[in-house]
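This report introduces one protein structure to a reader who has not met it before. Please look over the sequence and the model first, then read on.

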Amino acid sequence: MAAAAAAASPCIFCQIAGKPTSTTLLHTDEKVVAFQDINPAAVRHYLVVPVDHIPTIKDLQRRPEDYSLVSHMLEVGKKLIQRDAPQCHQYRFGFHQPPLNSVNHLHLHCFALPYTPRWKCIKYLSVGSIGFVEAEKLLGKIKPLPPGISKV
(Lines give C-alpha, C1' and ligand atoms only; values in the text may rest on other atoms or scores of the structure.)
Protein backbone atom coordinates (compact mmCIF):
# COMPACT_ATOMS: atom_id res chain seq x y z
CA MET A 1 0.00 0.00 0.00
CA ALA A 2 2.80 2.44 0.87
CA ALA A 3 4.58 1.75 -2.41
CA ALA A 4 1.41 2.55 -4.36
CA ALA A 5 0.93 5.76 -2.35
CA ALA A 6 4.55 6.75 -2.98
CA ALA A 7 4.19 6.20 -6.72
CA ALA A 8 1.02 8.33 -6.88
CA SER A 9 2.05 10.96 -4.34
CA PRO A 10 4.54 13.81 -4.54
CA CYS A 11 4.92 13.53 -0.73
CA ILE A 12 8.64 13.30 -0.03
CA PHE A 13 8.14 11.20 3.11
CA CYS A 14 5.93 8.72 1.19
CA GLN A 15 8.72 8.44 -1.36
CA ILE A 16 11.34 7.81 1.34
CA ALA A 17 9.15 5.25 3.13
CA GLY A 18 7.93 3.51 -0.01
CA LYS A 19 10.99 2.85 -2.13
CA PRO A 20 14.77 3.11 -2.03
CA THR A 21 16.04 6.68 -2.17
CA SER A 22 19.34 8.35 -1.40
CA THR A 23 18.11 8.87 2.17
CA THR A 24 19.94 6.67 4.67
CA LEU A 25 17.39 4.92 6.86
CA LEU A 26 18.33 4.53 10.52
CA HIS A 27 15.35 2.25 11.18
CA THR A 28 12.71 0.54 9.10
CA ASP A 29 9.85 -1.79 9.95
CA GLU A 30 6.31 -2.42 8.71
CA LYS A 31 4.97 0.71 10.45
CA VAL A 32 7.69 3.38 10.32
CA VAL A 33 11.00 4.53 8.91
CA ALA A 34 13.51 6.84 10.59
CA PHE A 35 16.22 9.07 9.16
CA GLN A 36 18.25 12.20 9.93
CA ASP A 37 16.57 15.56 9.47
CA ILE A 38 18.11 17.31 6.44
CA ASN A 39 18.38 20.53 8.45
CA PRO A 40 19.29 19.34 11.95
CA ALA A 41 18.51 21.62 14.87
CA ALA A 42 20.33 19.66 17.60
CA VAL A 43 23.30 17.40 18.32
CA ARG A 44 21.13 14.59 16.92
CA HIS A 45 17.87 15.34 15.08
CA TYR A 46 15.96 12.41 13.61
CA LEU A 47 12.53 12.05 12.05
CA VAL A 48 10.32 8.99 12.56
CA VAL A 49 7.71 8.75 9.81
CA PRO A 50 4.80 6.34 9.35
CA VAL A 51 4.96 4.22 6.21
CA ASP A 52 1.29 4.99 5.55
CA HIS A 53 0.44 8.57 4.64
CA ILE A 54 -1.19 10.45 7.51
CA PRO A 55 -1.15 14.20 6.80
CA THR A 56 -0.87 15.75 10.31
CA ILE A 57 -1.59 15.19 13.99
CA LYS A 58 -5.04 16.65 13.32
CA ASP A 59 -5.82 13.39 11.47
CA LEU A 60 -5.23 11.25 14.56
CA GLN A 61 -8.14 10.16 16.71
CA ARG A 62 -8.78 8.30 19.97
CA ARG A 63 -8.39 4.96 18.23
CA PRO A 64 -6.21 2.06 19.38
CA GLU A 65 -4.41 1.99 16.01
CA ASP A 66 -3.51 5.72 16.16
CA TYR A 67 -2.35 5.46 19.78
CA SER A 68 -0.31 2.35 18.96
CA LEU A 69 1.33 4.05 15.95
CA VAL A 70 2.37 7.18 17.87
CA SER A 71 3.60 5.03 20.79
CA HIS A 72 5.68 2.98 18.36
CA MET A 73 7.07 6.13 16.70
CA LEU A 74 8.12 7.45 20.12
CA GLU A 75 9.69 4.12 21.13
CA VAL A 76 11.72 3.97 17.90
CA GLY A 77 12.82 7.60 18.26
CA LYS A 78 13.91 7.15 21.88
CA LYS A 79 15.93 4.02 21.07
CA LEU A 80 17.72 5.70 18.16
CA ILE A 81 18.52 8.94 20.01
CA GLN A 82 19.71 7.18 23.15
CA ARG A 83 21.80 4.76 21.08
CA ASP A 84 23.43 7.49 18.98
CA ALA A 85 23.81 10.22 21.61
CA PRO A 86 24.39 8.50 24.97
CA GLN A 87 26.46 11.49 26.13
CA CYS A 88 23.40 13.75 25.96
CA HIS A 89 21.20 14.06 29.02
CA GLN A 90 18.30 15.96 27.51
CA TYR A 91 15.99 14.65 24.83
CA ARG A 92 12.86 16.07 23.23
CA PHE A 93 10.24 14.32 21.11
CA GLY A 94 7.32 16.02 19.39
CA PHE A 95 5.28 17.02 16.38
CA HIS A 96 4.55 20.29 14.61
CA GLN A 97 0.90 21.01 14.11
CA PRO A 98 -0.68 22.94 11.26
CA PRO A 99 0.04 25.52 10.06
CA LEU A 100 3.62 25.12 11.28
CA ASN A 101 4.35 21.67 9.87
CA SER A 102 6.77 21.82 6.94
CA VAL A 103 5.73 18.52 5.32
CA ASN A 104 2.14 17.28 5.27
CA HIS A 105 3.05 13.76 6.39
CA LEU A 106 3.01 12.95 10.09
CA HIS A 107 6.56 12.95 11.48
CA LEU A 108 8.03 12.81 14.95
CA HIS A 109 11.02 15.08 15.64
CA CYS A 110 13.54 13.38 17.93
CA PHE A 111 16.24 15.56 19.50
CA ALA A 112 19.33 14.93 21.59
CA LEU A 113 19.92 18.39 23.01
CA PRO A 114 21.32 21.04 23.06
CA TYR A 115 19.96 22.78 20.01
CA THR A 116 22.64 23.82 17.53
CA PRO A 117 22.66 26.72 17.09
CA ARG A 118 20.66 27.71 20.20
CA TRP A 119 18.22 29.96 18.28
CA LYS A 120 16.79 26.93 16.46
CA CYS A 121 14.84 26.06 19.61
CA ILE A 122 12.32 28.76 18.56
CA LYS A 123 10.89 26.51 15.86
CA TYR A 124 10.18 23.83 18.47
CA LEU A 125 8.34 25.87 21.11
CA SER A 126 4.88 24.96 22.35
CA VAL A 127 2.61 28.00 22.05
CA GLY A 128 -1.02 27.36 22.95
CA SER A 129 -2.93 25.56 20.22
CA ILE A 130 -0.24 26.10 17.59
CA GLY A 131 3.40 25.18 17.54
CA PHE A 132 5.13 22.07 18.70
CA VAL A 133 3.29 19.30 20.59
CA GLU A 134 5.29 17.03 22.88
CA ALA A 135 4.81 13.37 21.94
CA GLU A 136 3.65 12.40 25.44
CA LYS A 137 1.03 15.18 25.39
CA LEU A 138 -0.26 13.96 22.02
CA LEU A 139 -0.47 10.41 23.35
CA GLY A 140 -2.62 11.71 26.22
CA LYS A 141 -4.97 13.38 23.73
CA ILE A 142 -5.41 10.30 21.54
CA LYS A 143 -5.42 7.60 24.23
CA PRO A 144 -8.53 5.48 23.63
CA LEU A 145 -11.19 5.76 26.28
CA PRO A 146 -12.10 2.60 28.18
CA PRO A 147 -15.18 0.78 26.82
CA GLY A 148 -18.41 2.30 28.08
CA ILE A 149 -16.92 5.75 28.72
CA SER A 150 -17.62 8.54 26.30
CA LYS A 151 -15.82 11.86 26.00
CA VAL A 152 -17.71 14.67 27.71
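What follows describes the overall fold, an annotated site, a further polar contact and the spaces inside the model.

**Overall fold**

The model is predicted. Its protein chain has four helices and seven strands. Taken in sequence order, these elements run α-α-β-β-β-α-β-β-β-β-α. The chain has 152 residues, and 43% of them count as buried. Among contacts in the chain with a separation of 6 or more, 65% are between residues 24 or more positions apart.

**The annotated site**

The UniProt record, an unreviewed entry, places the feature "active site" at His-109. This residue belongs to strand β5, which covers residues 108–115. Is His-109 buried or exposed? His-109 has a relative accessible area of 3%, so it is buried, the cut-off for that class being under 20%.

Beyond its neighbours within four places in sequence, His-109 touches Asp-37, His-45, Tyr-46, Leu-47, Arg-92, Phe-93, Gly-94, His-96, Tyr-124 and Phe-132. With one residue of this list, His-45, the side chain of His-109 makes a polar contact of 2.8 Å.

His-45 sits in strand β3, residues 42–50. Its relative accessibility is 2%, and therefore His-45 also counts as buried. A polar atom of the His-45 side chain lies 2.9 Å from the backbone nitrogen of Ala-41. The contacts of His-45, again leaving aside neighbours within four places in sequence, are Gln-36, Asp-37, Asn-39, Pro-40, His-109, Cys-110, Phe-111 and Tyr-124. Asp-37 and Tyr-124 are thus among the contacts of His-109 and also among those of His-45.

**A further polar contact**

Asp-84 is in helix α3, which spans residues 64–84. Which residue has a side chain joined to that of Asp-84 by a polar contact? The partner is Tyr-46, at 2.6 Å. Outside its neighbours within four places in sequence, Asp-84 is in contact with Arg-44 and Tyr-46. Tyr-46 also appears among the contacts of His-109.

The polar contacts described so far are set out below.

| First partner | Second partner | Distance |
|---|---|---|
| His-109 side chain | His-45 side chain | 2.8 Å |
| His-45 side chain | Ala-41 backbone nitrogen | 2.9 Å |
| Asp-84 side chain | Tyr-46 side chain | 2.6 Å |

**Pocket and cavity**

The largest pocket holds about 310 Å³ of space. Its lining is made of 18 residues, and those nearest the centre are Phe-13, Phe-35, Asp-37, Ile-38 and Leu-47. Of these, Asp-37 and Leu-47 are also listed as contacts of His-109.

Which element gives the most to the lining of the largest pocket? Helix α2 does, with three residues. Both α2 (12–18) and β2 (32–36) supply at least two residues of this lining. By class, the lining of the largest pocket has nine nonpolar, seven polar and two charged residues.

The structure also holds one cavity of 30 Å³ or more. About 60 Å³ of space lies in the largest cavity. Its lining consists of Pro-55, Thr-56, Ile-57, Phe-95, His-96, Asn-101, Val-103, His-105, Leu-106 and His-107. Five of the lining residues of this cavity are nonpolar and five are polar, with no charged residues. One of the lining residues of the cavity, His-96, is also in contact with His-109.

Note on methods. Residues are numbered from 1 along each chain as its sequence is written. This is a predicted model: local features need pLDDT of at least 70, side-chain atom pairs count only at pLDDT 80 or more; totals for chains, interfaces and linings use all residues. Side-chain values use heavy atoms; hydrogens and water are left out. On a 1 Å grid over the protein atoms alone, a cavity is a set of points where a 1.4 Å probe fits but cannot get out, and a pocket is an open set with protein on both sides within 12 Å along at least five of seven lines; lining residues have an atom within 4 Å of a point. Grid points are joined across faces, edges and corners, and a volume is the space filled by probe spheres set on the points. Ala, Val, Leu, Ile, Met, Phe, Trp, Tyr, Cys and Pro count as nonpolar, Asp, Glu, Lys and Arg as charged, and the others, Gly among them, as polar. UniProt positions are given in the numbering used here, feature names are shortened, and annotations may be inferred rather than shown by experiment. Buried means under 20% relative accessible area, exposed over 50%, partly exposed in between (1.4 Å probe, protein chains only). Contact means heavy atoms within 4.5 Å. A polar contact is a pair of N or O atoms within 3.5 Å; within protein, one must be able to donate a hydrogen and the other to accept it, and residues adjacent in sequence count only if both atoms are side-chain atoms.
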